[in-house]
Amino acid sequence: MGGNPISIASFSFSAWIKVPRFINSVPIFKLGDDDNNHFQISSHAGSAGKGDIRLSHEYGSTLVRLTTDGGSPGNNCLTQDTWHHIAFTATTTTIILYLDSVVQDISNTQSGSNAGIGDANTYIGYEDEADRHFTGQIDDVLVYDDVLSAPEVTRNYNAGKRSHR
């Protein structure tokens with residue numbers, strides 16, 4: 001699914017995902033049309049049957065990557081065939097990644113700006129540059145034109161827990 005442009009300065013994304021198997025760089029959400037100017041959240045293969053979520057924000061020569069560091073003992077990571085809630089918030093200075101309502105990684109982007117994306121196409125479960133498709137399930141996708149607070153991310157997580165078992 002893709003092609004609907006949205007204009008951003010500060011925004012949030014939230015969804016439930018279920019991954020049947022882990023392979024590298026499987027797109028979940030992409031905002032932007034090229035590899036040098038986008039936000040993308042994708043699942044990746046980790047170790048020991050686990051996976052991780054990676055959020056990349058590339059703006060010109062500035063690249064910010066956040067990850068759940070799947071497969072490392074003690075770290076939060078994805079489990080195959082299990083529903084997980086993912087969310088991120090972004091402003092022109094800060095990006096926060098959540099997994100199952102827990103903050104995973106925070107980046108204060110010292111240079112670059114998500115405002116540089118402007119009106120951009122939105123892709124869900126598809127990556128246009130490499131023609132890749134998400135093979136799992138994506139549910140309850142929400143894109144906000146504002147930054148969700150941590151309690152709001154937790155509220156979305158709690159609201160969907162019962163239906164995503």
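These are my notebook entries on a predicted model of a single chain.

**Entry 1: the chain overall.** I began with the secondary structure and found 1 helix and 14 strands in the chain. Of the 165 residues, 45% are buried. I then looked up how far apart in sequence the contacting residues lie: among contacts with a separation of 6 or more, 62% join residues that are 24 or more positions apart. For the accessible surface I noted about 7700 Å², with 45% of that area belonging to carbon and sulfur atoms.

**Entry 2: F11.** I turned next to F11, which lies in strand β2, a strand that runs over residues 11–18. Is F11 buried or exposed? Its relative accessibility is 1%, and because buried means under 20%, F11 counts as buried. I also checked F11 against D146, and although 135 residues separate the two in sequence, their C-alpha atoms are 4.4 Å apart in space.

**Entry 3: the nonpolar cores.** Which members of the largest nonpolar core touch the most other members? I found that they are I41 and F88, in a core of 23 residues. Two or more residues of this core come from each of β2, β3 (26–34), β4 (37–45), β5 (50–59), β8 (83–90) and β9 (94–99). A second core, separate from this one, has 5 residues, including I96, Y98, L148 and V153. I then listed the contacts of F88, leaving aside neighbours within four places in sequence, and found F11, S12, F13, F29, F39, I41, L55, I96, L97 and Y98. F88 is thus in contact with F11 of Entry 2 and with I41, and I96 and Y98, from the second core, are also among the contacts of F88.

**Entry 4: helix α1.** I finished with α1, which covers residues 150–161, and compared its length with expectation: at 1.5 Å a residue its 12 residues should span 16 Å, and the end C-alpha atoms are 17 Å apart, which agrees. Which residues of α1 are buried? They are V153, N156, Y157 and G160. These four lie on the same side of α1, because they cover an arc of only 100° around the axis. On the other side of the helix, P151, R155 and A159 are exposed. I then asked what the buried residues of α1 pack against, and found β2, β8, β9 and β14 (137–144). One of these buried residues, V153, belongs to the second core of Entry 3, while β2, β8 and β9 were already noted there as giving two or more residues to the largest core.

Terms used. Residues numbered from 1 in each chain as written. Predicted model: local features only at pLDDT ≥ 70, side-chain atom pairs only at ≥ 80, totals over all residues. Heavy atoms only, no water. Buried < 20%, exposed > 50% of the residue type's maximum accessible area, 1.4 Å probe, protein only. Contact = heavy atoms within 4.5 Å. Areas by Shrake-Rupley, 256 points an atom, 1.4 Å probe, with all protein chains shown as cover. Core = buried A, V, L, I, M, F, W, Y, C linked by side-chain atoms within 4.5 Å. Expected span 1.5 Å × (residues − 1). Arc of directions from axis to C-beta.
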